[in-house]
There are 2 protein chains.
Amino acid sequence: MAVYTDVGDEELVAFVAAYDLGEVMSFKGIAEGVENTNYLLQTTTGSHILTLYEKRVQVGDLPYFLGFMEHLAARGVTCPTPLHGRDGAALRELCGRPAAIVTFLEGLWPRRIQPQHCAQVGAALARLHLAGTDFPLQRRNALSVADWRVLYESCAGRSHEIKGGLAQILGAELDHLEAHWPTDLPAGVCHADLFPDNVFFLGEKLSGMIDFYFACNDFFAYDLGICLNAWCFEHDGSFNVTKARIMLGHYRQVRPFSDAELQILPLMARGSAMRFLLTRLYDLLNHREGALVKPKDPLEFLAILQFHQQVRGPSAYGLE
Amino acid sequence: MAVYTDVGDEELVAFVAAYDLGEVMSFKGIAEGVENTNYLLQTTTGSHILTLYEKRVQVGDLPYFLGFMEHLAARGVTCPTPLHGRDGAALRELCGRPAAIVTFLEGLWPRRIQPQHCAQVGAALARLHLAGTDFPLQRRNALSVADWRVLYESCAGRSHEIKGGLAQILGAELDHLEAHWPTDLPAGVCHADLFPDNVFFLGEKLSGMIDFYFACNDFFAYDLGICLNAWCFEHDGSFNVTKARIMLGHYRQVRPFSDAELQILPLMARGSAMRFLLTRLYDLLNHREGALVKPKDPLEFLAILQFHQQVRGPSAYGLE
């Protein structure tokens, strides 16, 4: 939870005057969100989100992120849509930071995941993948297999502080992933962070997806691996094969898998577990006392990784 | 900035079902606020604030705070108004905490204080004081002169960590305040924390006051001393007599001072400076690393205190 940049009332009113949004009626910093500062901005024309992009976001990536949101929204995939000022610009500057206003998305993110949530997330991810096929910009995934060893090496010397023997486990897994990671699979724009807190529901129905600030070009099956890990494990660490089967089943109804994608799903799920394990480990080891954001537990993803290491094929996910 | 209690979607929907508020459309934790957890709750009937009362609030005080807000709103003093569930109750429980939903107040709090803000705050404080005269509940000010010595003694031994000689300065001031504090002045319900972040404006016009969780029965002149200190000092510590004259002038147009109140204003302003100096000092000395809220600077109020120590009468505030 974090508001890193405090925006004053006069700066805000001047900023909003560049848009056709009417008068500012209220403005509240939002506690959720880790990377950027988000405000809920109400004007006489409705509710909006004002985001200030903080240091961990590369400014050069913002046209990709904002462009993808706009691209998706134009194709009926509900997500926040960047608003343009009267001069046409969506990416602006406020308080010395890149900043944008996006549309407000109604809904709540689900804490207790039900199979029907997984069904809708699977279908929404497939629609996102299909909608992105004609998106013209490219962004390399900065947190994929080529990047894990650097992260690993920066953590290995201290990883025993979190769990004894962790460096050995991760080192062996990294060797395996590097040796077996595919080079040729159906690919396109991935969300790459589609956890429950990034998917909103109104009642039973998915109302939209948010937080496209890890979006990148990568294998679709890798994005599916991320969703399997984010949605189909219970709080006690157990894998819920019913949820996985429903999620993957609804995905493939919208975008059928190739056989190669199906067979490699366990490896993709291991890679996804590795990615979140390593970044959480890095964040925990490098956590400053007094920082605004509490680090998440990396070991949650060790349990997930170890589940997938035992998997011998896609039938473990309920697929033929 | 803090959300201390995370409320899940299912718990929220069940809680809101006790009210006639329609369906939940969105729910965001608000970063502002130090004592309690606040969420902006949008339903099909509009925007509302859901507050969960955290450990520093005495549960027994909540009927006073909520009752006073309702009392004020009924008399046209704009402030959040507690909503009642269909069973009539405004104070309920959520996630093991006392909780209430109040109306949403539009407006922004001003960062750069102008004389016209001070004019409106003065008048609004006077209206609050008058509107409270027939409020039937009583709450002793738990942070007034009788309470400062305990705070002082818990800080004195370590106050040199903040500034050398601070214990001597505060000890001498405390002796003076205890010896001269009045026992008989016009009194009633005070806001007791009317800082700029608790007063909203829409454009030039004051749209309401919030945060009544320090409200208490005390001298009206003491509440005026708090406002003088909160609104009439510049960021460089200098006193702006124009703002003070305007604030006090607009106050007395709504509720005229007695001569006793006028003469004692410098002492009230010293007492107010002492109260915020001591609580900020206590919070700073007892700050836990990793706490969600960054402590405020106590020495800001030392400069304010020392200004008022030089004052020889109300003419220093621009009053005859």
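**Two chains, one shared surface**

Guide: In this model, 25 residues of chain A touch 25 residues of chain B, with contact meaning that C-beta atoms placed from the backbone lie within 7 Å. It is a predicted model, where local features need pLDDT of at least 70, side-chain atom pairs count only at pLDDT 80 or more, and totals for chains, interfaces and linings use all residues. Residues are numbered from 1 along each chain as its sequence is written, while chains are lettered from A and ligands numbered from 1 in the order in which they are written.

Visitor: What makes the copies related as by a two-fold rotation axis?

Guide: Chain A lands on chain B with an RMSD of 0.0 Å after a turn of 180 degrees and a shift of 0.0 Å along the axis, using least squares on C-alpha atoms of residues with pLDDT of at least 70 in both. That's why the two copies count as related by a two-fold rotation axis.

Visitor: How do you know that the copies meet through the same surface?

Guide: 100% of the interface residues of chain A are also interface residues in chain B, so the surface is the same.

Visitor: Why are β1 and β4 of chain B said to stand at the edges?

Guide: The open sheet of chain B runs β1-β2-β3-β5-β4, with antiparallel pairing. Strands here are DSSP runs of E, at least two residues, and a pair needs at least two bridges found by DSSP. β1 (24-29) and β4 (92-94) of chain B each have a single partner strand, so one side of each has no neighbour in the sheet.

Visitor: What makes β1(B) and β2 of chain B a pair?

Guide: They share five bridges in the antiparallel sense; B:Phe27, for one, has B:Leu41 as its bridge partner.

Technical notes:
Two residues are in contact if their C-beta atoms, placed from the backbone, lie within 7 Å. Helices (H or I, at least four residues) and strands (E, at least two) are DSSP runs, numbered from the N terminus.
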